[in-house]
Amino acid sequence: MKKRLPPLNWLRSFEAAARHLSFTHASQELHITQAAMSQHIKGLESQLGTALFVRLPRGLELTDAGSAYMPVVHESIEKLSEVTEELFGQGRTKLLNIRVNMVFFIHWLAPRLQGFTDSHPEVNLKITSNIWVNNRSGSSDCDLEITHGNGRWPHLNARRLTWDTLYPVCSKQYAETLPSGFAPTALLNEKLLHVIGYEDGWGHWFTSMGLPYAEFVHGSQFDTLVNALEVSVNHGGIALGRSSLVKRYINEGKLVRLFETEIATREAFYLVNSNSTILHSHAQLFIDWILTEVGRDVSNNSYRELYSQ
């Protein structure tokens, strides 16, 4: 038979007294009398059948049993307070913390974000960039994260946001320097801009095109696609564009496509959150909004056709 749990007020008194090692300071923190504090501790020790404190002339000292019990009680009270605040307290109005891949934020999310804030003025956002911060361990320092990868993360709830295709892009000025009838086989002789960390890089594009691939003769490496695209816009070479992220540059005439062929990606951008923590009360509003935006993206719908082939 399960042992009956002690009353919560006894546990709170024990946790406070164990932190302060003082009944006086603990009673002041909890706004109860020292007599009530003493009664709570005595009741707890009686129910547990063991002493938790050694009473010293000046202050307290935890017994071995008290030292072993304290971390568990402290963690449980902290978790209960956190969940209570999230669900029922003023914490419902705190900032919704969203960490976003930088290139996705600049080229996809930022142009649309005003639509969310207009629709939900009650939601205050905190946007931070992850660049290469790894959230695969289910980081607790953000409520939601937009990250890039294969989506196979058992401890995360992952919602796919993009169905990208790949194609080489460069500035119009750079394209004008290429010879007439420029073919994909000649790309290795050009300045190719590589992004570190993507599985779907130039190697994937060449292999999918049925072309031989070797280490580039000319070119540079970058840690974000943001940097590679900016260099390409400024006539510095040929980048491998992801359709959802270069669409704006192409529409503005900053980049042009070199070939019509499109290669489907194996990776995508995902909106994720830990499946072991409770969602911020405003998180679902953002989830519903961004998935609606994804559904409205006509180009994304065309990507799905390519993926279904």
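**Exercise 1. How are helix 8 and helix 9 oriented to each other: roughly parallel or roughly antiparallel?**

Before starting, note that this is a predicted model, in which local features need pLDDT of at least 70, side-chain atom pairs count only at pLDDT 80 or more, and totals for chains, interfaces and linings use all residues. Residues are numbered from 1 along each chain as its sequence is written, and side-chain values use heavy atoms, with hydrogens and water left out.

*Solution.*
- Step 1: find the elements. Helices (H or I, at least four residues) and strands (E, at least two) are DSSP runs numbered from the N terminus. Helix 8 spans 225-233, and helix 9 covers residues 243-251.
- Step 2: take the angle. Axes are lines fitted to C-alpha atoms, for helices over the stretch in contact, and angles run from 0 to 180 degrees between N-to-C directions. The two helices pack at about 25 degrees, their axes 12 Å apart.
- Step 3: classify. Angles under 35 degrees count as roughly parallel, over 145 as roughly antiparallel, 65 to 115 as roughly perpendicular and the rest as oblique. Helix 8 and helix 9 are therefore roughly parallel to each other.

**Exercise 2. List the residues through which helix 8 meets helix 9, and sort them by character.**

*Solution.*
- Step 1: look for contacts, meaning heavy atoms within 4.5 Å. Helix 8 brings Leu225, Leu229, Glu230 and Val233, and helix 9 answers with Leu245, Val246 and Tyr249.
- Step 2: sort them. Ala, Val, Leu, Ile, Met, Phe, Trp, Tyr, Cys and Pro count as nonpolar, Asp, Glu, Lys and Arg as charged, and the others, Gly among them, as polar. The contact holds 6 nonpolar residues, no polar ones and 1 charged.

**Exercise 3. Describe the open sheet that contains strand 13, and the helix that packs on it.**

*Solution.*
- Step 1: read the order. Two strands pair if DSSP finds at least two bridges between them. The 5 strands run in the order 4-3-5-13-6, with mixed pairing.
- Step 2: find the edges. Strand 4 (125-129) and strand 6 (156-160) each pair on one side only.
- Step 3: check the twist. Neighbouring strands are turned against each other by 25 degrees on average, direction ignored.
- Step 4: add the helix. Helix 10 (residues 283-296) touches strand 3, strand 5, strand 6 and strand 13, and its direction makes about 40 degrees with that of strand 5.
- Step 5: examine one pair. Strand 3 (residues 96-100) runs parallel to strand 4, joined by 5 bridges, and Ile98 faces Ile127 there.

**Exercise 4. Work out how covered strand 7 is, and name its partners.**

*Solution.*
- Step 1: count. Buried means under 20% relative accessible area, exposed over 50%, and partly exposed in between (1.4 Å probe, protein chains only). In strand 7 (residues 165-170), 6 of 6 residues are buried.
- Step 2: split the sides. Thr165, Tyr167 and Val169 point one way, while Leu166, Pro168 and Cys170 point the other.
- Step 3: trace the pairing. Strand 7 is antiparallel to strand 10 over 4 bridges, with Val169 opposite Ala239. Strand 12 (residues 263-264) pairs antiparallel with strand 7 over 2 bridges, and Thr165 stands opposite Ala264. Strand 11 (residues 256-257) likewise pairs antiparallel over 2 bridges, with Val256 as the bridge partner of Cys170.

**Exercise 5. Where in the chain do Leu21 and His235 lie?**

*Solution.*
- Step 1: Leu21 lies in the loop between helix 1 and helix 2, and its phi is positive, about 50 degrees.
- Step 2: His235 sits in the loop between helix 8 and strand 10; its phi is about 70 degrees.
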